Structure formats: structure tokens, C-alpha cells
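Welcome! Please take a moment with the sequence and the structure below, and then we can walk through them together.

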Amino acid sequence: MAGQMLFVDLTDGGIERRPVDRELLREYLGGRGINARLLWDLTQKGLDPLSPAAPLLFGTGTLAGTFAPNSGRMTVTCKSPATGLYLKTNVGSHAAPELRFAGYEYLVFQGKAPHPVYLWIDDGEVTLRDARGLWGLDTRAADRRIKEELGDDQIRTILIGPAGENLVAFASIMASIYRAAGRGGSGAVMGSKNLKGIAVRGTGEVTVADPEGFTEVALAARRALRADEYCWTRSYEFGTAQGIIGSNEGGTLPHRNFQDGRVADAYKLSGEYVSERFAHPEACSACVFHCGRFARIKSGPYAGTYTAGPEYETLASLGSKCGTTDTAGVIKAGELCNILGMDTISAGSLVSFAMECYEYGLLSQKDTNGLDLSWGNVESILVLLERMARREGLGDLLANGSRAAAKTIGRGAEAFAIQAKGLEQSTVDVRGSMSYALAFALNPRGPDHLMTECLAEVGYTPEVRRLAEDITGTPKATDSLSPEGKPRMVAWHEEIYAVTDCLGICAFTDTWSYTRVNFENMAAMFAAATGIALSGDEARRIGERIITLERLFNLREGLTREELDVLPQRMVSEPSPTLHRGARTLTKEKLDGMLREYYVLREWDSESGVPSRETLARLGLDFAAEDVMGAR
Amino acid sequence: MPTDPRGMTLSVDSDRCTGCCTCALVCSFVHDRIFGYERSRVRVWRDDNRGLFAPLLCEQCEDAPCVVVCPTGALGRDGQGIVVRNAVRCIGCNECMNTCPLGAISFGPGGWMKCDRCASLGRSPYCAEYCTAGALRWEPARLVARARAREVALRRVESQQPGQGA
């Protein structure tokens, strides 16, 4: 493991290489952890996320490029233009291994190029190339053009589409055209720097410190995952959307912007249906699960559409949440988001937000330039997606994100914006699950499941139920409406997610397997790969360090716990008619109770939710104390 | 599709490949203790745009062109039917690489490189063992034809069902 950090100053074109600091690796494990520390160091309070000074970080997972199970991932970190807060977003494909084979583990971009450029990494040779001819192109066309220009179709690209160029608040960064670092608008940060993309070709190698030890742990984990029915069979056969039917039966599949949680023909959005009719499995580097899909539409109005996906979130967000179960239409919408470079979760949220405004007369046909935004109108969804990416008409307003759009529309539109801290909620209805509710509220980037998914609460096997009880010390752990034990449940998941993100292992590896990939064998793989001793308990403590540092970033911005630890208004103020016959399952009081217990558990101040100096010292985060206490 | 004395063969089925490249990572590691897509005897060609993948490796051709073109007779077949190289005779002229119809021979930083079905490691191929999607399979050769025949037969039978056109 002898990768480097590449510092690129886009303003003057300066490119500098530095070795990865082993002390930093020991303290933060890599990927998400090292990125979090770099972001802290390179950012000052109040920095405009779209200003040239704002850093944009790419950190490959420490095990990326090896055969550790599901290990090919990379973390993108920056200050989010959607929330103005900490943003970490994670992406698969083969970009991270390719970067490591070229010899680079971290890319740090600062400044703003005088005109559009892309970074070409050809093993040891790194150059900034003119991208003026690529500006305006969608990710598919830009990928093709770059491969032609450089004469190698096995290059991997990391690109923004028109949405990123136009600073759309939910623009994503796309790896290999269709794989998204989706949440929080990192694509807009890239666009603000005039950076169209990164092209990389790596023909070198990655080595590990202890090959025999590494093989033993990594291959044993692979075999265990492969032998697991839930991990392997269901994810390979049906992908992430295997869960759609279950959510619908539970009344938590968002329908019409979370007005309720059930649709009549949910099977048309299910992984079973999609995989049977439209899609085949596709995988990121070193994956055992193969949950990715690649869809093709051969007939009907959307014939000729092809794209990776659709995933659960795309189907729910652009499908049921917008009032449609037209499978082909949703796949088409997913294709548009991918090539325009927009997060399907937020893009779907903006469409459903606009549709609800339209239903209640807050937006008229005049506002929409004649577009009929009735629920389920697929043609309108597709037009609106284009307009958002290109900032045309109503799309220009929606491109600022639902918090900003609702504020502009006014007249109560805020109630229809299912967002907190400026980020649109993913398609999990947290009214049906207290650990999800707590995790979403605490999530430093905003309400979604991709930082901390407490799937153990569902208790889908006896083994998982036992684990949930072990973590929380209560049999109520798998009672999704009980707040009991949920703070412990969330803390444990936050920490294991942090560790997987550092190593570049897919987050699903935890929640679909639990005991098979765990703190112990992840620590063992890290130790064998890097030669830095690490136990499972130490890994967990580093997870806590990272979680706390991420919170400190937001506290440094001067926000209080009342501003930080929140859920979308609808989640805490309106019951869902499809959940427990419309009973109030989640209230602000219930959430506050869990939050307080969580602060105590983390040794943060139980009132203010600010970590004490002692806690910072315990976690080796003393360096942040002055900045954070100074911001109070 | 030549088989080893036990009647086993390495089947390559691109239709099932999901492009995870685990085969390449396992291959480069078990042979050279390094990881690298380009440092492997099996390579996965990926078309990112269309979501198409194909694993490429030496299929130990029956009448192997590489053996025929080698000017020094450095290439030959061992007792298990594997095309192997005599490093002493090899002059590194690249003719085998230029001739191979599968692009399965390369000269990398570690020198001449080609799949030997893990014969040099004294075992069955690692790549097939860790290919979860079944694109690379180490299986009895007699079953390969039977499985293919079954697929075709089923397709034909199904197309005969009344009212069940494609």
C-alpha cells in the first residue's frame, strides 16, 4: 500500500503529490475518515460551498483494489451546497480500484479553473486537459468523447452532467456514467470549480503488508457471504428493490410525497418484476452481492432506454412517491437523472414536492409553463427533470432544492418539502421505525439511510434479532415503534458504517450480513493490508471518532441541536394513514427523548448535544475544541 | 475446448458476467501476491456505457496459434493439456501475444503472462471458485454440452406453446 495524495489547485493548475500520512491512516482508517479530517483542516467556518476555496475530496477506501468483499468504493467529501453542512457521499463502480492501480488514494481539489477542464490520470502522468468541448454534454456523451479523445475504451471516468455545471443543489458526481455519489450536491461543487471530470487509467498494482493473513480473512468473509441466502440469492436475483413489496405491505412505501405509504400495484416497482422484465445484474469491484441492475427497454414508448439501475430509491422516489408505478417510465426517469447528473432521491423529491404544490393550487399551469403536474403524469416528470438540470422555467426554482423552493413559493409550501437541514429525505418512511427516525435526525448531512441504516431493527432472521438484542440489551430492539434501545442501536450502526466507508466496503455488507462482516474481521483485514495493528474494539472507537468529528464540523458552523437534529416536518406532525390505522407513531417528544438518551450515551452534553472537552480528549479530537466552543 | 485428464474444463460464459472483476483480483494475487486488473491472467473487458462485460483468458486452444507461431518452440502443451512456455527457449519476440485470437497473452512488468488454469499452483482455477455469478466455471466437460443442449431445447419447447410468442 504505497498510494499517494494528489493535490490539485485548479486556479493555477498546480499538481502536487504527497504520501499518505500513516499516522492519519492509524487514526482515521482511510476513505471517509481521512476525508473528514482533511475537510475539517481545509475548511473555515462560514465558507461558501461553491466558492473556489472550498475543497472537494475523493478518498478511496483503504481496501479498494483488493478482493476484500464488496470493497471497491470511494468517498466524496465536501461542504454541501444543499445544506451548508458536512457532506460525505459514497460511490461504487470501478473508479476507486482504478485510481489505486494508478497509484493514488486521495484526490484533493481546490480553486477554480479559468475554463472547463478534466483531470487525466494515466498511471504516473497527471494532466489537466481542456474540457470546453465537453461542457454541456451529458455523462454518457462526455464519457464517450473522453475515451475517443484518449484512445482507450477501458478508461474509467468520474463526471458531472449538465446539472452539476448549472449548480443544481442536488447534482451528483457520476462514476462510470451511471454510478452516483448522489446526495447533497457534490456535483455542483465540482461544477463550481469548472471541473467536468476525472479520467483514470491504472495499470499498476496494490499490495498488502501481510498477504497470507489478508487472504485468510478476506476469502473466508467472501465465502461466508456467498453461502448466505439473504446476502447472495436475493440481492443477485432482485437487487435492492427486493424490499419494495415488503415496504408496501408495511405501509411505508412513500406514495404521493409521503401523504401515505401504499400503492395498489407495487409489484410493478419490485425488484422481482424489474429483474424479470428489464434488467440483469451488474456489480462494482470485488462484489459478492451483485445487487446492481442494468436495465434495457426494448418496446413501448421508452424503447431504446438503457441505464444502470433502477435501484430501490429510484423506483420509490421517481415512482410511487410521484404517484406512478409505470416501470418503464421510472427507468426512463432514472436514465435521465444519471446522464444529467442528478440524485434520483432528491430529483424525485422535487418532482413530488411540485406535484403536491400543484394539487393544492400553490403552483398553477402558468407557473409550470403549461406542464400538467397531476400525480403520476410520467411525461411531465420527464420534462421537469430536464428543466431542473438545465434550470429552465419552474426547473430553475426547483434546482435550488426543496427548502429554498418552498421558501420562495411560500403560502405553506414548506409543509410539502420533505426535507431537513436542506436535504430531501430518502424514501424510508421514518414514521414506521424509531431507529431510522433517530438515525435520520442525527445524520450530519440530512435525513437518509445511507449513513446509518438500522436494518437490524427489522429483525429479518433469528440471528439478526439476537444481534439487535445484544447491541441494545433489550428485546424491544426489534419493536420498530418502541424508542427503547434505539439510541444504542443507532450508535452501533453509525460506527460500523463509518468503518465500512473508511475501508471502501459497501454499506450493504453490514446490514445484509451483519455477523459475517463485522468489526473484528474488518479490523483484521485493515491490519493485514496496512501493517497497522487494529482490533475490532479499536475500529469501533475510530468509528465513534469519525462520527463525532462530522458533528463537530456542523457545530463549528454555529448550528444548535434544535437546528441539527431534526426531521422533516411531515414526519413528526402528520401521521401516515397506512401506518397503524393512522395512529401517531412518531412525535417530536418521542424523538427528543431518544436524542437526549443518545447524547448521554455519546458523552455529549445532554441539553446542548455538544461533545464535552473530556469527550473530545478521549477521542483524540482536542484540536477541534477551540473552534467548536468558540462557535457557541 | 480442451479438457484436463480428469475431464474438467474452464467454461467462460460472458452472459453471466456482472463485471465485478473479482476473477482478476484473485488471479493477480494468487500468482504474484499483488492486486491489479492489468496484472491478471484473466481480464474483464467492460463497456461501461452499455453495461456489457466479457472475461477474457487463455482457453488452451486445441490447435493453438501461439504454439504454431512461436519461432523457438518455446510454447507447448503439458500433461494436463495446458499451453505452457519454456522460459529458457523464449526470446520474448511477442509473436504469441500478437497472434492470440483472444488477446489472452501479455507481457507485463512481471514478464510473459497467460492463464494456466492454476496448474502451476497445483489446484483447480481460483477465478472460477470465486466467480459468484457463474461466468467462469470449472466443470466436467461432458456437462457443458448437455447444459447448452438443455437451454436450446427449453427455448424451442417454450416457443411451441400456443399463444406464447416472443
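## Before we start

Helices here are DSSP runs of type H or I with at least four residues, and they are numbered from the N terminus. Keep in mind that this is a predicted model.

## Helix H3 of chain A

H3(A) is a good place to begin. This helix is mostly covered, with 8 of its 8 residues buried. They are A:Ala95, A:Ala96, A:Pro97, A:Glu98, A:Leu99, A:Arg100, A:Phe101 and A:Ala102. After H3(A) comes A:Gly103, which has a positive phi, near 105°.

## Where the chains touch

How many residues does each chain bring to the contact? Chain A gives 33 residues and chain B gives 23 residues. On the chain A side, the elements that supply two or more residues are three helices and two strands by name: helix H3 (95-102), helix H4 (139-150), helix H7 (211-226), strand S13 (279-282) and strand S15 (306-308). So you meet H3 of chain A again here.

Sorted by class, this side of chain A holds 16 nonpolar, 10 polar and 7 charged residues.

## A look at chain B

Now turn to the partner. Chain B has 5 helices and 8 strands, and from the N terminus on its elements follow the order β-α-β-β-α-β-β-α-β-β-α-β-α. Its C-alpha atoms fill a box of roughly 65 × 35 × 30 Å along the principal axes.

Of the 166 residues in chain B, 39% are buried. Among the contacts in chain B with a separation of 6 or more, 57% join residues 24 or more positions apart.

Key:
Residues are numbered from 1 along each chain as its sequence is written. Chains are lettered from A and ligands numbered from 1 in the order in which they are written. This is a predicted model: local features need pLDDT of at least 70, side-chain atom pairs count only at pLDDT 80 or more; totals for chains, interfaces and linings use all residues. Two residues are in contact if their C-beta atoms, placed from the backbone, lie within 7 Å. Ala, Val, Leu, Ile, Met, Phe, Trp, Tyr, Cys and Pro count as nonpolar, Asp, Glu, Lys and Arg as charged, and the others, Gly among them, as polar. A residue is buried if 20 or more other C-beta atoms lie within 10 Å of its own, exposed if 12 or fewer, and partly exposed in between; C-beta atoms are placed from the backbone.
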